[in-house]
Amino acid sequence: TYVIAQPCVDVKDRACVDECPVDCIYEGQRSLYIQPDECVDCGACEPVCPVEAIYYEDDLPAAWEPFLDDNAAFFHEALPGRPAPLGSPGGAAKLGAFDVDTPLVAGLPPQG
Ligand code: F3S
Ligand code: F3S
């Protein structure tokens, strides 16, 4: 899967969303997250991010490796303010933005 890492936090440019052929990039409050079961590894999102937040999982810079599990956690785990895991909704556009983030993202100081 591809992964959205820390540079997206508090930036949320959203250029990636328009490129994704399977609509698997979901919006939280401070960051976007790629649904790893829905991403087909096409790579279209990666070059359009102006802050280079998107990486193939094996290419994540070491400091941002936690974002691999963290993107998955946005979908597979209960979050503060959203007790039911989101799972695999099959498309982000119809859902809009969520007013929650993962604990990792929520715990970051203001970025940028
Ligand atoms: Fe974030 Fe870059 Fe997409 S800033 S919303 S990952 S284009
Ligand atoms: Fe979509 Fe990027 Fe995956 S464009 S399919 S999230 S590689």
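The protein chain of this predicted model contains three helices and four strands. In sequence order these elements follow the pattern β-α-β-β-β-α-α. The radius of gyration is 13 Å, close to the 13 Å that the globule rule gives for 112 residues, so the chain is as compact as a globular protein of that length. Two ligands accompany the chain: 13 residues surround ligand 1, and 14 residues lie around ligand 2.

**Overall dimensions and packing**

- The C-alpha trace of the protein chain extends over about 35 × 30 × 25 Å when taken along its principal axes.
- Of the 112 residues in the chain, 29% are buried.
- Among contacts with a separation of 6 or more, 71% join residues that are 24 or more positions apart.

**The largest nonpolar core**

- The largest nonpolar core has 23 residues, and the members that touch the most others are Ile4, Cys16, Ile25, Leu32, Ile34, Cys45 and Ile54.
- Two or more residues of this core come from each of strand S1 (2-4), strand S2 (25-27), strand S3 (32-34) and helix H2.
- Cysteine 45, one of the core residues named above, is in contact with Tyr2, Cys16, Glu19, Cys20, Ile25 and Ile54, when neighbours within four places in sequence are left aside.

**Helix H2**

- Helix H2 covers residues 66-76, and its buried residues are Phe67, Asp70, Asn71, Phe74 and Phe75.
- These buried residues lie on the same side of H2, because they cover an arc of only 145 degrees around the axis.
- The packing partners of the buried residues of H2 are S1, S2, S3 and H3.

**Surroundings of ligand 1**

- The closest of the residues around ligand 1 are Cys8, Asp13, Cys16, Cys49 and Ala53.
- Cys16 from this group is also listed among the core residues that touch the most other members.
- By class, the shell around ligand 1 comprises 10 nonpolar and three charged residues, with no polar residue.

**Surroundings of ligand 2**

- Tyr2, Cys20, Cys39, Ala44 and Cys45 come nearest to ligand 2.
- Among these residues, Tyr2 and Cys20 are in contact with cysteine 45.
- The shell around ligand 2 is made up of 11 nonpolar residues, one polar residue and two charged residues.

**Loop residues with positive phi**

- Lysine 12 is located in the loop between S1 and helix H1 (15-19).
- The phi of lysine 12 is positive, at about 50 degrees, although this residue is not a glycine.
- Lysine 12 counts as partly exposed, because it has 18 C-beta neighbours inside 10 Å.
- Glutamate 52 belongs to the loop between S3 and strand S4 (54-56).
- Glutamate 52, although not a glycine, also has a positive phi of about 50 degrees.
- Glutamate 52 is exposed, because 12 other C-beta atoms lie within 10 Å.

**The loop between H2 and H3**

- Proline 89 is found in the loop between H2 and H3.
- Proline 89 counts as partly exposed, because 14 C-beta neighbours lie inside 10 Å.
- Although 51 residues separate proline 89 from glutamate 38 along the chain, their C-alpha atoms are 9.0 Å apart.
- Glycine 91 is also in the loop between helix H2 (66-76) and helix H3 (103-106).
- Glycine 91 counts as partly exposed, because it has 13 C-beta neighbours inside 10 Å.
- From C-alpha to C-alpha, glycine 91 lies 20 Å from alanine 5, with their positions 86 residues apart in sequence.

**The segment after H3**

- Glutamine 111 is situated in the segment after H3.
- Glutamine 111 counts as partly exposed, because 14 C-beta neighbours lie inside 10 Å.
- When residues up to four places away in sequence are not counted, glutamine 111 touches Val9 and Asp10.
- The C-alpha atoms of glutamine 111 and aspartate 10 are 5.9 Å apart, although the two residues are 101 residues apart in sequence.

Note on methods: Residues numbered from 1 in each chain as written. Chains lettered and ligands numbered in written order. Predicted model: local features only at pLDDT ≥ 70, side-chain atom pairs only at ≥ 80, totals over all residues. Rg over C-alpha atoms; globule rule 2.2 N^0.38 Å. Buried ≥ 20, exposed ≤ 12 C-beta atoms within 10 Å, placed from the backbone. Contact = placed C-beta atoms within 7 Å. Near = placed C-beta within 6 Å. Nonpolar A, V, L, I, M, F, W, Y, C, P; charged D, E, K, R; others polar. Core = buried A, V, L, I, M, F, W, Y, C linked by C-beta atoms within 7 Å. Arc of directions from axis to C-beta.
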